Amino acid sequence: MWGIVGQRACRHGSSAMSLQVTRPVIHALRSFSTAAKEMTVRDALNSAIDEEMSADPKVFLMGEEVGEYQGAYKITKGLLEKYGPDRVLDTPITEAGFTGIGVGAAYHGLKPIVEFMTFNFSMQAIDHIINSAAKSNYMSAGQISVPIVFRGPNGAAAGVGAQHSQCYAPWFASCPGLKVLAPYSSEDARGLMKAAIRDPDPVVFLENELLYGESFPVSAEVLDSSFCLPIGKAKIEREGKDVTITAFSKMVGYALKAAEILSKEGISAEVINLRSIRPLDRATINNSVRKTNRLVTVEEGFPQHGIGAEICASVVEDSFEYLDAAIERIAGADVPMPYAANLERLAVPQVEDIVRAAKRTCYRSSSLAATA
Amino acid sequence: MPVHYGSKKLNYFTVASTIASQLPHAVGAAYSLKMDGKDACVVGYFGDGGSSEGDFHAALNFAAVLEAPVIFLCRNNGWAISTPASDQFRSDGVVVKGQAYGVRSIRVDGNDALAMYSAVRSAREMAITEQKPILIEAVTYRVGHHTTSDDSTRYRPLEEIEWWQMARNPLTLYRKWLESNGWWNDEAEAELRSNSRKELLKAIQVAEKIEKPPVGDMFTDVYDAVPSNLFEQEKLLQQTVTRYPQDYPSDVPVRAVPSS
């Protein structure tokens, strides 16, 4: 049911750098000219944080269970042992508390990485994220910058119910002063995490619980400790000419799978991995739509005021004459996430939904409303 | 989400994931009881970790000022996942926090069923007759792991767990007390265990036979009445499932939702 398992065709493996075996080691023989190693997203995040903490003594970690427990999802494994309790802080249970403390530390020049066990709990601290972190540089006329990173899993996991499954990308991305990133692959995770830590502005770093165990090939360049990805640039994961599909985080995998299915039916889809939600790479998106003339936006979160809504507006404003079909928005259902497993599956986008939407933009299939 | 049950009939608000958010709720509900002059109070449960949350402080403060009939029952079991109480706070437990807010507070041995019963009974009496909040700190120990995916021997000694399991087990203590009074014996114990097990197995069997929730259930209860956009979404989904059955599992009952 969860497309993640099959999305990368037949490749499974555990990189030599992984700190714990997450999957049986079955190596498929395949030769890439540059990518010989594989790395899980979990290890990518762990290594990125480790390298940045090593390079800059001002960087420190804070959150519930990040130290002794090795992280609720083991992202911060080994860091307490390496850097000690002064730089890896297990906090009491108070999101509002430790977020406020992190912002205060950032005001004074430290570089905190604040973990929310999931972004659902960031709501208990949102005043500090928005009013304290996002707006301080502006309100102080540039005197007080807030070099803080808020990170943690975002969006739907599996069977965790309404209060653990919301996507917060639209909430944070609507606020000026924040930068909002959403990695997909291990390369994204490493490059964007390093960029976030080095960035002088507050960054909201939206991970995905179900992607933590996913393995991706990583080149030597990605593994280098100086590797960094630019904030605000999307990546074209797959080139195409008939329809543009935008996605971020886990949905990138689904979009790629959909593109594979579509290619067998003669539709060449271009898949854009947004990577950066704020600032949004409007140039890349618009250039792609000007080439393909059709657009499908994909996200897991609620439809109203979502990321797709902003992308639609941007394309209509900048590339209206290039559109040959109405834009299709794929989003989660407009209901709190159901707990019943069969209903949960229906409440989030599946690969088939993306395929059907792409076909509709190519006039290969009419919408249900048209045939009613 | 498991453990997130609730029952209007049993006066039990649905359990939430957000820690300590239930405490201001408890005070609000108590205030409502107070306004209605009901012969009732509210009891709000939380752990040692919950006493760190901002909501705990707001709740206690309000309860004291509003003079709300609410019992704050803290299960201090020494651990919040892997965080020991010494990393959670440096106060003398949770009981002093209650006192700091002007709430009458008491510390009880949480593993002594009789002491707990006595304390809660008195607390209820006081809360209702005097219309004031009470805090009970029940000191105990979390013998189990935090969840089934946790191995707590990684962050605490096995000997410590075993000691509490053996020496301070509330079930064992209570049973010994019953037996010493001649009200319980091994046969009764064996029979109770056997009956409970049978009841549980039967309940599982009944649950497994229940049909999975229908598509319509996804759209009900978002609001009191189903709004038109959800009515449309539900119709669209039904049509999609009917049109592309190969993309959907067969155990999804497709039944219409009544229109508002």
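Buried means under 20% relative accessible area. By that cut-off, buried residues make up 60% of the 372 residues of chain A in this predicted model.

**Figure 1. Overview of chain A in the predicted model.** Chain A contains 14 helices and 14 strands. Its accessible surface is about 14300 Å², and carbon and sulfur atoms account for 55% of that area. Of the contacts in chain A with a separation of 6 or more, 79% are between residues 24 or more positions apart.

**Figure 2. Helix 5 of chain A and its cover.** Helix 5 spans residues 126–139 of chain A, and its buried residues are Ile129(A), Ile130(A), Ser132(A), Ala133(A), Ala134(A) and Ser136(A). The cover over these residues includes two helices of chain A, helix 4 (95–107) and helix 6 (169–173), together with strand 5 (149–153) and strand 7 (203–207). After helix 5 of chain A comes Ala141(A), with a positive phi near 55 degrees.

**Figure 3. Crossing of helix 10 and helix 11 of chain A.** The axes of helix 10 (residues 282–292) and helix 11 (residues 307–319) of chain A come within 10 Å of each other, at a crossing angle of roughly 65 degrees. This crossing is right-handed. Helix 10 of chain A contributes Arg282(A), Ile285(A), Asn286(A), Val289(A) and Arg290(A) to the contact, while helix 11 of chain A contributes Glu310(A), Ile311(A), Ser314(A), Val315(A), Asp318(A) and Ser319(A).

**Figure 4. Surroundings of Thr244(A) in strand 10 of chain A.** Strand 10 covers residues 243–247 of chain A. Thr244(A) counts as buried because its relative accessibility is 0%. Beyond its neighbours within four places in sequence, Thr244(A) contacts Glu270(A), Ile272(A), Ser288(A), Val289(A), Thr292(A), Arg294(A), Leu295(A) and Val296(A). The C-alpha atoms of Thr244(A) and Phe320(A) are 14 Å apart, with their positions 76 residues apart in sequence.

**Figure 5. A salt-bridge network in chain A.** The network links Glu51(A), Glu52(A), Arg190(A), Lys194(A) and Arg198(A). Within it, the side chains of Lys194(A) and Glu52(A) form a salt bridge with an N to O distance of 3.0 Å. This pair links distant parts of the chain, as Lys194(A) is in helix 7 (residues 186–198) and Glu52(A) is in helix 2 (residues 41–55) of chain A, 142 residues apart. Lys194(A) is buried because its relative accessible area is 0%, and Glu52(A) is buried because its value is 6%. Over all chains, the structure holds 34 salt bridges.

**Figure 6. A salt bridge between chains A and B.** The closest N and O atoms of Arg356(A) and Asp247(B) are 2.8 Å apart. Arg356(A) lies in helix 13 (residues 351–361) of chain A, and Asp247(B) lies in the segment after helix 9 (228–243) of chain B. Both Arg356(A) and Asp247(B) are buried.

**Figure 7. A salt bridge within helix 8 of chain B.** Arg193(B) and Glu189(B) pair through their side chains at 2.9 Å, N to O. Both residues are in helix 8 (residues 186–209) of chain B, 4 residues apart, about one turn of the helix. Arg193(B) counts as exposed at 56% relative accessibility, whereas Glu189(B) is buried with a relative accessible area of 14%.

**Figure 8. A nonpolar surface patch on chain B.** Val3(B), Tyr5(B), Leu10(B) and Tyr12(B) make up the patch, and together they have about 440 Å² of accessible area. Tyr5(B) is in the segment before helix 1 (22–35) of chain B. With 49% relative accessibility, Tyr5(B) counts as partly exposed.

Terms used:
Residues numbered from 1 in each chain as written. Chains lettered and ligands numbered in written order. Predicted model: local features only at pLDDT ≥ 70, side-chain atom pairs only at ≥ 80, totals over all residues. Heavy atoms only, no water. Patch = residues over 30% accessible without salt bridge, like charges linked within 9 Å, V, L, I, M, F, W, Y side chains within 5 Å. Areas by Shrake-Rupley, 256 points an atom, 1.4 Å probe, with all protein chains shown as cover. Salt bridge = Lys/Arg side-chain N within 4 Å of Asp/Glu carboxyl O. Buried < 20%, exposed > 50% of the residue type's maximum accessible area, 1.4 Å probe, protein only. Contact = heavy atoms within 4.5 Å. Axes fitted to C-alpha atoms, helices over the stretch in contact; angles between N-to-C directions. Left-handed = near helix turned anticlockwise from the far one by under 90°.
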